[in-house]
Amino acid sequence: IVRYRAGAWLLPSGFAQLELPTSTGEILRDRLHEVSPSARALARAWALIPEQALTFEEIGLLAEDPAPGQLVRDLEQLTAAEIVRTFADRSRFTDRAWASILQAETAAPEARGMHQRLARMFESRGTEQFRVGQHLWRAGERDRALDTFVAHALASERVTDQNPAEFYRLVRSLPADWQE
């Protein structure tokens, strides 16, 4: 609505109702549709873990097309649209409001594949077995998920039984929805 021309900002004399967005969600959805389908798909997978800051390698594990060139283009688009921001060696959502917008666009069959990629990504960290199990469960891989949860519980028990501070650290490291 506000335009910049010849070194000056131009404001219209009046605002038509249709020119103005009706909500913040509408503004975010419009911005989201400015990026490519592959960048949107990457953002939808990432929206399932909006609190996580990810390395380039981890983002590659989330992408449907992990080709480095495509991944760089997708990240550039998400950054230009102010959906993600990079600090040092990690990237994260600029605002958690993106998560609900992106999750609303995600169909259940698509989410299963995303959860499989998330399980692989957390598995690559080597320290996130609970999250691996959580995403395997959500991907429908119930047997693997249960095996992962049991292995995590046994390993956690050995550490936390010896040191109460480790129990506190363990509980704080779990995702917010761990009880589900």
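## Arg44 and its two carboxylate partners

In this predicted model, Arg44 is a buried residue with a relative accessible area of 11%, and its side chain takes part in salt bridges with Glu105 and with Glu110. The contact between Arg44 and Glu110 is given as 2.7 Å from N to O, and it links distant parts of the chain, since Arg44 belongs to helix H2 while Glu110 belongs to helix H6, 66 residues apart. Glu110 is partly exposed, with a relative accessible area of 22%.

The salt bridge between the side chains of Arg44 and Glu105 has an N to O distance of 3.8 Å. This pair, too, links distant parts of the chain: Arg44 is in helix H2, Glu105 is in the loop between helix H5 (97–104) and helix H6 (108–125), and their positions lie 61 residues apart in the numbering. Glu105 is partly exposed, at a relative accessible area of 28%. Because a residue counts as buried under 20% relative accessible area, Arg44 at 11% falls in the buried class, whereas Glu105 at 28% and Glu110 at 22% are both placed in the partly exposed class.

## Helix H2 and the aromatic pair at Trp46

The burial of Arg44 belongs to a wider pattern in helix H2, which is mostly covered, with eight of its 10 residues buried. The buried residues of H2 are Ala39, Arg40, Ala41, Leu42, Ala43, Arg44, Ala45 and Trp46.

A search of the whole structure finds three aromatic pairs. One of them joins Trp46 and Phe93 in a tilted arrangement, with 5.4 Å from centre to centre and 50° between the planes; the pair links distant parts of the chain, as Trp46 is in helix H2 (residues 37–46) and Phe93 is in strand E4 (residues 90–93), 47 residues apart. Trp46 is buried, with a relative accessible area of 0%, and Phe93 is likewise buried, with a relative accessible area of 7%.

## The salt-bridge network around Arg131

The structure holds 10 salt bridges in total. A network of salt bridges links Glu51, Glu58, Arg90, Arg125, Glu128 and Arg131.

Within this group, the side chains of Glu51 and Arg131 meet in a salt bridge with an N to O distance of 3.4 Å. Glu51 lies in the loop between H2 and helix H3 (56–62), and Arg131 lies in helix H7, so this pair ties together parts that are 80 residues apart in sequence. The two partners differ in their accessibility class, for Arg131 is buried with a relative accessible area of 9%, whereas Glu51 counts as partly exposed at 31% relative accessibility.

## A charge over a ring

Another contact in the model involves Arg142 and Trp137: the charged end of Arg142 sits over the ring of Trp137, at a distance of 4.0 Å from the ring centre.

## Exposed features: a nonpolar patch and two positive phi angles

Val2, Tyr4, Trp9 and Leu11 make up a nonpolar surface patch of about 500 Å². Trp9, one of these residues, is found in strand E2 (residues 8–10) and counts as exposed, at 61% relative accessibility.

Ala6 lies in the loop between strand E1 (3–5) and E2, and its phi is near 50°, a positive value in a residue other than glycine. Ala6 counts as exposed, at 88% relative accessibility. Ala88 also has a positive phi, of about 55°, although it is not a glycine; Ala88 is found in the loop between strand E3 (84–87) and E4, and it counts as exposed at 82% relative accessibility.

## Confidence of the prediction

The protein chain averages a pLDDT of 88, and 94% of the residues score at least 70. Among the elements of the chain, helix H7 (residues 129–138) has the highest mean pLDDT, at 96, and helix H1 (residues 24–32) has the lowest, at 75.

Where pLDDT is low, the predicted coordinates should not be read in detail.

Note on methods
Residues numbered from 1 in each chain as written. Heavy atoms only, no water. Phe/Tyr/Trp six-rings, centres within 6.5 Å; stacked < 30°, edge-to-face > 60°. Helix = DSSP H or I, 4+ residues; strand = E, 2+ residues; numbered from the N terminus. Buried < 20%, exposed > 50% of the residue type's maximum accessible area, 1.4 Å probe, protein only. Lys NZ or Arg CZ within 6 Å of the ring centre and 35° of its normal. Patch = residues over 30% accessible without salt bridge, like charges linked within 9 Å, V, L, I, M, F, W, Y side chains within 5 Å. Areas by Shrake-Rupley, 256 points an atom, 1.4 Å probe, with all protein chains shown as cover. Salt bridge = Lys/Arg side-chain N within 4 Å of Asp/Glu carboxyl O. pLDDT = per-residue confidence, 0-100.
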